[in-house]
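Me: I am new to this protein. Can we walk through its structure, one short question at a time?

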Amino acid sequence: MQKKNNPHSFHIPVMGLAFTIDSPIKVAKYGISSVISIVDDILIERMNEYYSTKFKIPFNAISTKVEDYRAKRITSYLNTVDTIVKHTFENLKKGFEEKSSDFEKYMEMLPDFSDLKQSFAKTIQHNTLKENISNWIHSNLKTGNIDVNIMTKLNKPNYSKNELLPSEYNDAHAALRGFANSNLESSVVLSAGMNPRLYSYFENFNDFFPDENNFLKKKIILKVSDYRSALIQGKFLAKKGLWVSEYRIESGLNCGGHAFASDGYLMGPILEEFKLNKESLIIEVNNILVNALKSKGKHVPSASLNLDITVQGGVGTSEEHEFLIDNYNVNSVGWGTPFLLVPEASTVDSKTIETLKLAKEKDLYLSNISPLGVPFNSLRGNSNEIFKNKRIANNKAGSSCPKKFLASNKEYSERVICTASKKYQTIKLNELKNENLTSSEYSKKATQITDKACLCEGLSNAALIDYKLERKGEEQGVAVCPGPNMAYFSKELSLKEMVSHIYGKANVIVSENRPHMFIKELSMYVDYFSNKVEELKDSLTNKNEKYLTTFKHNLNDGIEYYHSLFSDFEINKENLLMDLEHLKNRLFNVQIPILVKV
C-alpha cells in the first residue's frame, strides 16, 4: 500500500464525544487529520441533520425503530462529513485563481520544512501558466484524514422488545459496522484495550483487507501505552488477516479524558522500545499476516504493508514536537488539549472556553467521576460538576441516564445499569444507611457513590449548546476533559495561531513554569504510585505487593533512561536533571508496605 504523505506532522486526537465530532469538516480541507468519536449515535444524528441542512444535502432521519439504526446513523453521518470535506476541498483548490483565503491559509499553515510547500514555491517560480499551477495543485494537495474512534470497553448489549440482540448489535460492534459501511477511506482508532470479540468482528468487512494493489480502503489504528500490548494485539489481529497500520502511543496519565495508567512505563522508554523494535515488529507480525491471508484465500501483498508509529499526550511546545519526530522517528504527533481553545478546529461552547482559559494547574486533576471506574482527567468548576452537586445537595443524586452508553454494572439487574444513574445511586445510598456507619464514614462512602457523573450527556452537550440545538431532559451541563497541559494555554486561538505555535513560528504559552512533557508525566506517575500505595496499604496481598514493586521498578528504570537522555541535551539540561533528581527522591520516599506472612 502506498504511504500517504500527510501535509502535516501533527494530528488532532479524539476529544470527548462532541469536542471533535465535526473537526474534519473544519480542518480536513487544510490537510489536517482529526478523529471523530462514534460512540453517541444520538448526537451523531443531530449533527447529521444540522450539517445536511447547512450544506443543503438531503437528510433522511433514522428512527430508533429502524432495524440497526445505530450503525445506519453512523454510516449516514460519516458519508455526510465525507461529502462536505470533498466539496470544501475542491472549492479550496479552485481558490488559487481567485486568491481564496482558504487556499492561502492551506499553504501558509504548512511547515517551512514541508516538501509540499517547497515544491509549490518551485512550481510558481518556473511556471507562468495558470493551467500548469492548477494541475500541480490538483495532483499534490491532500485533505487530512477523517478518522473515527471506538472505545472498545463501551460495548453495551442491546435489546429489542425485551429480547437480547446478538452481539453484533452491541454498541461497539454497531459503531464498527457503521464505519465499515461508510464511503470513507480512513482509519478506525481502537482505544481502551483489547476486545477479542470486537477484533474478530473486523473479519466481516472486506475494506480491512488489502486489495490486489495492496491498498487498504479502511485501516486499523491501535492506541497503546506500551510495546508489549501493541505486539500482542497486532499479532492477534494478524492471525485474522488484519494489519495494524499504526500504533498510536499515548501517555497513560498525561492526556485528556480517561487515563489508562501503565504499570509505571513512561513515554520516553516506550518510544525508545518502538524505535528499536519497529522493523522486527513489522517482520514478526507480517509473517503471521501472510499465513492468515493465504488460509483465507485472500490477496497476499508482495511486501509488508506500511506501519506508522505516532505519539500523543502532553506535548505543548514546538521543541517537544520536533524532538519526538527527530529522536524517535514518529510519523505524527497528536495535539489534543490546546485545540479545545481553537473554535476553528473543535466544538466547545463559549462558557466552557472561558473556564478553560482560566484553568490553572490546581484546577486540573485526575478524578473518579467516570462510571467505568477509570481515572478521568477533569476540570474543577465545569458546569456538569455544578449541576451534579446541586442534585446531591437536594437529595436527588444521580442522572436520569437517558443514553446508557457507559452502563456496565449488573449488580442489581440482568441488564446493565450505569453507576452514575439515579437508579444505581439511590440503591447504594439506601444500603449505606443500614450499615451502622459513623457520620464521617458515611460521608466518605456516599461521596464515592455520588462522585460518578453523567458523561454521556456531559461530553456531548457542548455541540448542542454551541450550535443552539434543542436539548431535552434534566440539565447536565458540559463535562470537559482536558489534560494537565491546559494550565499553560490561556487564550482563545485561531487555527493559524495554533499551527504556528506547533511549528515554532510563534509561541502562545505565557507561563514560564511549564515543565517538560516527560517530567510532567513522571510527576503524575509518582503521585499516582503514592496514592496506590496509600490505597492498598491496609489490604495488601501478594498480588498487590508484586504490582507495586514492579510499578516502582519500572519508574526507576524510566528515571535512569531520562538521566541519560537529558545529559545529552544542550538546552535546559541542568533544570531537567534537577527536576528529575527531585522526582527520584520523591519516589524513593514512597515505601511499599511489607506484607506480613502468617
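Me: How many strands make up the closed barrel, and in which order do they run?
Reply: This is a predicted model. Its barrel is closed, and its strands pair in the parallel sense. Neighbouring strands are turned by 30 degrees against each other on average, direction ignored. There are eight strands, in the order β1-β2-β3-β6-β7-β8-β9-β10.

Me: How many bridges join β1 to β10, and which residue in β10 stands opposite H11?
Reply: Strand β1 covers residues 10-12, and strand β10 covers residues 332-334. The two run parallel and are joined by two bridges. The residue opposite H11 is G334.

Me: Which residue of β3 does S37 stand opposite?
Reply: Strands β2 and β3 pair in the parallel sense. Four bridges hold that pairing. The residue of β3 opposite S37 is N149.

Me: On to the pairing of β3 with β6: what is the bridge partner of V148?
Reply: β3 and β6 run parallel. Four bridges join them. In β6, the partner of V148 is V188.

Me: Are the residues of β3 buried or exposed, and how many of them?
Reply: Take the strand face by face. On one side, I146, V148 and I150 are buried. On the other side, D147, N149 and M151 are buried as well. The count of buried residues in β3 is six of six.

Me: Which helix lies across β2 and β3, and at what angle does it run to β3?
Reply: β2 spans 33-37, and β3 spans 146-151. The helix across them is α3, residues 69-94. Its angle to β3 is about 155 degrees.

Me: Which helix lies across β3 and β6, and what is its angle to β3?
Reply: Here β3 is paired with β6, residues 187-191. Helix α7, residues 171-180, lies across these two strands. It runs to β3 at about 165 degrees.

Me: Is S33 buried or exposed?
Reply: S33 is found in strand β2. It touches H11, I12, G144 and N145, leaving out residues up to four places away in sequence. Its relative accessibility is 9%, and the cut-off for buried is under 20%. So S33 counts as buried.

Me: What does the side chain of S33 reach at 2.8 Å?
Reply: N145 is among the residues that S33 touches. The side chain of S33 reaches a backbone atom there. That atom is the backbone nitrogen of N145.

Me: Where is S399, and with which side chain does its own side chain make a polar contact?
Reply: S399 sits in the loop between α13 (383-393) and α14 (422-433). It is buried, with a relative accessible area of 3%. Beyond its neighbours within four places in sequence, S399 is in contact with A420, S421, K422, C454, E474 and Q476. The polar contact, at 3.2 Å, is with the side chain of Q476.

Me: Why are α19 and α21 called roughly parallel?
Reply: Helix α19 covers residues 517-536, and helix α21 covers residues 573-588. Their axes are 10 Å apart. Angles under 35 degrees count as roughly parallel, so these helices qualify. The angle between them is about 10 degrees.

Me: How many nonpolar residues does the contact of α19 with α21 have?
Reply: From α19 come I519, L522, S523, V526, D527 and F529. They meet L576, D579, L580, L583, R586 and L587 in α21. By class, one residue is polar and three are charged. The nonpolar residues number eight.

Notes
Residues are numbered from 1 along each chain as its sequence is written. This is a predicted model: local features need pLDDT of at least 70, side-chain atom pairs count only at pLDDT 80 or more; totals for chains, interfaces and linings use all residues. Side-chain values use heavy atoms; hydrogens and water are left out. Axes are lines fitted to C-alpha atoms, for helices over the stretch in contact, and angles run from 0 to 180 degrees between N-to-C directions. Angles under 35 degrees count as roughly parallel, over 145 as roughly antiparallel, 65 to 115 as roughly perpendicular and the rest as oblique. Contact means heavy atoms within 4.5 Å. Ala, Val, Leu, Ile, Met, Phe, Trp, Tyr, Cys and Pro count as nonpolar, Asp, Glu, Lys and Arg as charged, and the others, Gly among them, as polar. Two strands pair if DSSP finds at least two bridges between them. Buried means under 20% relative accessible area, exposed over 50%, partly exposed in between (1.4 Å probe, protein chains only). A polar contact is a pair of N or O atoms within 3.5 Å; within protein, one must be able to donate a hydrogen and the other to accept it, and residues adjacent in sequence count only if both atoms are side-chain atoms.
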